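User: I am new to reading protein models and would like to learn how to look at one feature after another. Could you take me through it slowly, with the general idea before each case?

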Amino acid sequence: MSELKDCPLQFHDFKSVDHLKVCPRYTAVLARSEDDGIGIEELDTLQLELETLLSSASRRLRVLEAETQILTDWQDKKGDRRFLKLGRDHELGAPPKHGKPKKQKLEGKAGHGPGPGPGRPKSKNLQPKIQEYEFTDDPIDVPRIPKNDAPNRFWASVEPYCADITSEEVRTLEELLKPPEDEAEHYKIPPLGKHYSQRWAQEDLLEEQKDGARAAAVADKKKGLMGPLTELDTKDVDALLKKSEAQHEQPEDGCPFGALTQRLLQALVENKPFSVPHTKSLESRIKEELIAQGLLESEDRPAEDSEDEVLAELRKRQAELKALSAHNRTKKHDLLRLAKEEVSRQELRQRVRMADNEVMDAFRKIMAARQKKRTPTKKEKDQAWKTLKERESILKLLDG
Amino acid sequence: MALVSADSRIAELLTELHQLIKQTQEERSRSEHNLVNIQKTHERMQTENKISPYYRTKLRGLYTTAKADAEAECNILRKALDKIAEIKSLLEERRIAAKIAGLYNDSEPPRKTMRRGVLMTLLQQSAMTLPLWIGKPGDKPPPLCGAIPASGDYVARPGDKVAARVKAVDGDEQWILAEVVSYSHATNKYEVDDIDEEGKEHTLSRRRVIPLPQWKANPETDPEALFQKEQLVLALYPQTTCFYRALIHAPPQRPQDDYSVLFEDTSYADGYSPPLNVAQRYVVACKEPKKK
């Protein structure tokens, strides 16, 4: 059983207000019958008296709540000995004996952190008493007070940034450095395909052909007059296409000569049209000759590109990609190098930690010796010095 | 006509109040028994000098019953006090109605200003019967309880008492005790009546009107709702109807006590009067810059 002096309750005096003495008007009204009633002039005094009663009842309620809370907590937290401080001081009914032991306990408590204090030995003494009494009560589940969790969460969140580098990570870095296989893909310039107008023209004709075939089938069934479409042959389609293609390659105004050839002929020959075979090759030969003579600048590639916006854009992007990949590669190299350095430093640090432990051991031995009031032996001193020197050397390596 | 029906309503309410008071006492005598038990248990626990689990559970049970009883008692008492407030507000309405009716009746001369003594008694009574704020556990004192200021958009109602800053004939500004007649939302101005000379009305902007507290703060439960020592306030000078700047000398100790204040007074050596008592009702926060 717990001693009275350990009890945190304050044993208030819960006497209610003696209304006969303090509230005369109230008492008088009570005595009256309903017929007599209350006069308006009595309202003020009644109000004051009722306020007094209410305020004392309120106070009683508050104190009762506080005391019940203490009781409940005390019963629940038997092993923990947590006392709630009451908000106000009451002089009623609390013998002075309570005040002192309570203060001592509160000083020793200061929360749930670790640390030796005067409170500790006391609680250990009282522990057996509480425990034997625990058997008589139902085991109540003690609600665990949540430890202050914030520093743990903080370190957990920061951990990925401060953790040691493992060899696995170094290997991953090396893997990353290997040039990707599909790089060549990115730099290819796909050849210009058939121009879309030609492609569409061809597709349209094929469509019509299909339609025609279908119509023919229907016509056969129906034996109707679907004449003109059925005549259309694949051969004719090709012939048509060839004609249109041939037309594309020639300048629209019907002159067979290329641009340069035209200009040259204009300059050199009077208005005498004549036909020359191989106009295409003539044009390119003239171009080459002019370039060789230095009369015409070799514009070759750029002239083409200025018209082809898509190609220009593609080239731009490829250049960007190249620059970016190079940049990435250098960065990865640097990272790998740093990682390797860090790994070696980590090993050193590990050795420092072990050296620390050895130094601490030596220190403890010396302290023990000192406590036993004997001077430490030469062996111990030597060991201490040795460990210290070792640690220093490792540290030098680390810093250097 | 309205006056007559108000009378009968008041009579009704008075009867209800009577019933409530009787109920209160029933409740109190019932809970008396339990309180006596608690007292006995306390004594036994103290003499035996040990706390057995038996006693603990018993005490817990007794406390729980006592709590329920106290709550019930509080509820009835609050109902009774609310009833009194209701009656009082009806009386107040009746008074205002009578005043307005009197105003329109031009044949009668305006009432002579009442004698000083009568006015002072009225003021004292008004201060004494200001309702005391008794909050339930966990309640905070509301605006206009003691030193707690009104909320920013509060508009005083007709009949409320206020401190009003008016310009006297000679140009001097003074804070007087006044009663609100009306408030115009259009112009944001109050019409107030000087409590002293009936009939002297002023129209003032909201800045010049400070509502007086509507509840007394209980020093035992809500000391933070009281003005503290050395705080600058506007307090009603005893036996006058004007407010002057003062420093709090001591806040009230019990609910029915007054503040003890030091008025700024250049006729004294240190610039302050000796401590004078002013009721909670007539002490408000001072926001004025130093007067010229």
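User: Which residues of H2(A) meet which residues of H3(A)?

Analyst: To read a helix contact, one lists the residues on each side whose heavy atoms come within 4.5 Å of the other side. In this predicted model, Pro24(A), Arg25(A), Tyr26(A) and Val29(A) are the residues on the side of H2(A), and they meet Thr45(A), Leu46(A), Glu49(A), Leu50(A) and Leu53(A) on the side of H3(A). Sorted by class, the contact of H2(A) with H3(A) consists of six nonpolar residues, one polar residue and two charged residues.

User: At roughly what angle do the axes of H2(A) and H3(A) cross?

Analyst: Here one compares the directions of two fitted lines, and an angle of 65 to 115 degrees counts as roughly perpendicular. The axes of H2(A), which spans residues 24–31, and H3(A), which spans residues 43–76, cross at roughly 105 degrees and come within 8 Å, so H2(A) is roughly perpendicular to H3(A).

User: How do H7(A) and H15(A) pack, and what is the handedness of their crossing?

Analyst: The reading is done in the same spirit, but now the cut-off to remember is that angles over 145 degrees count as roughly antiparallel. H7(A), residues 167–177, packs with H15(A), residues 309–371, at an angle of about 160 degrees, and their axes are 10 Å apart, which means that H7(A) is roughly antiparallel to H15(A). The crossing of H7(A) and H15(A) is left-handed. On the side of H7(A) the contact is made by Val170(A), Leu173(A), Glu174(A), Leu176(A) and Leu177(A), while the side of H15(A) includes Arg329(A), Lys332(A), His333(A) and Leu335(A). Taken by class, the residues of the contact of H7(A) with H15(A) are eight nonpolar, one polar and four charged.

User: How does H15(A) pack with H16(A)?

Analyst: H16(A) covers residues 378–399, and H15(A) packs with H16(A) at an angle of about 160 degrees, with the axes 9 Å apart. Therefore H15(A) is roughly antiparallel to H16(A), and the crossing of H15(A) and H16(A) is left-handed. The contact of H15(A) with H16(A) draws on 13 nonpolar, two polar and nine charged residues.

User: Where is Gln350(A), and how far apart in space are Gln350(A) and Ile394(A)?

Analyst: For a pair like this, one reads the separation along the chain alongside the distance in space. Gln350(A) lies in helix H15 of chain A, and Gln350(A) and Ile394(A) are 44 residues apart in sequence, with 9.9 Å between their C-alpha atoms. Gln350(A) counts as partly exposed because its relative accessibility is 38%.

User: Which residues have a positive phi although they are not glycine, and where are they?

Analyst: One looks at the backbone angle first, and then at the place of the residue in the chain. Leu144(B) has a positive phi of about 65 degrees without being a glycine, and Leu144(B) sits in the loop between helix H3 (116–128) and strand E2 (161–167) of chain B. Asn188(B), also not a glycine, has a positive phi of about 60 degrees and is placed in the loop between strand E3 (173–184) and strand E4 (189–194) of chain B.

User: Are Leu144(B) and Asn188(B) buried or exposed, or partly exposed?

Analyst: The cut-off needed here is that buried means under 20% relative accessible area. Leu144(B) has 5% relative accessibility and so counts as buried, whereas Asn188(B), at 37%, counts as partly exposed.

User: How many disulfides does the structure hold, and why do Cys145(B) and Cys286(B) count as buried?

Analyst: A disulfide is read from the distance between two cysteine sulfur atoms, and the structure holds zero disulfides over all chains. Cys145(B) counts as buried because its relative accessibility is 0%, and Cys286(B) counts as buried because its relative accessibility is 14%.

User: How many helices and strands do chain A and chain B have, and what share of each counts as buried?

Analyst: For a whole chain, one counts the elements and then turns to burial and contacts. Chain A has 16 helices and one strand, and 24% of its 400 residues count as buried. Chain B has three helices and 11 strands, and 43% of its 292 residues count as buried. Among contacts in chain B between residues at least 6 apart in sequence, 58% join residues at least 24 apart.

Conventions: Residues are numbered from 1 along each chain as its sequence is written. Chains are lettered from A and ligands numbered from 1 in the order in which they are written. This is a predicted model: local features need pLDDT of at least 70, side-chain atom pairs count only at pLDDT 80 or more; totals for chains, interfaces and linings use all residues. Side-chain values use heavy atoms; hydrogens and water are left out. A disulfide is a pair of cysteine sulfur atoms within 2.5 Å. Buried means under 20% relative accessible area, exposed over 50%, partly exposed in between (1.4 Å probe, protein chains only). Axes are lines fitted to C-alpha atoms, for helices over the stretch in contact, and angles run from 0 to 180 degrees between N-to-C directions. Helices (H or I, at least four residues) and strands (E, at least two) are DSSP runs, numbered from the N terminus. Angles under 35 degrees count as roughly parallel, over 145 as roughly antiparallel, 65 to 115 as roughly perpendicular and the rest as oblique. A crossing is left-handed if the near helix is turned anticlockwise from the far one by less than a right angle, and right-handed if clockwise. Ala, Val, Leu, Ile, Met, Phe, Trp, Tyr, Cys and Pro count as nonpolar, Asp, Glu, Lys and Arg as charged, and the others, Gly among them, as polar.
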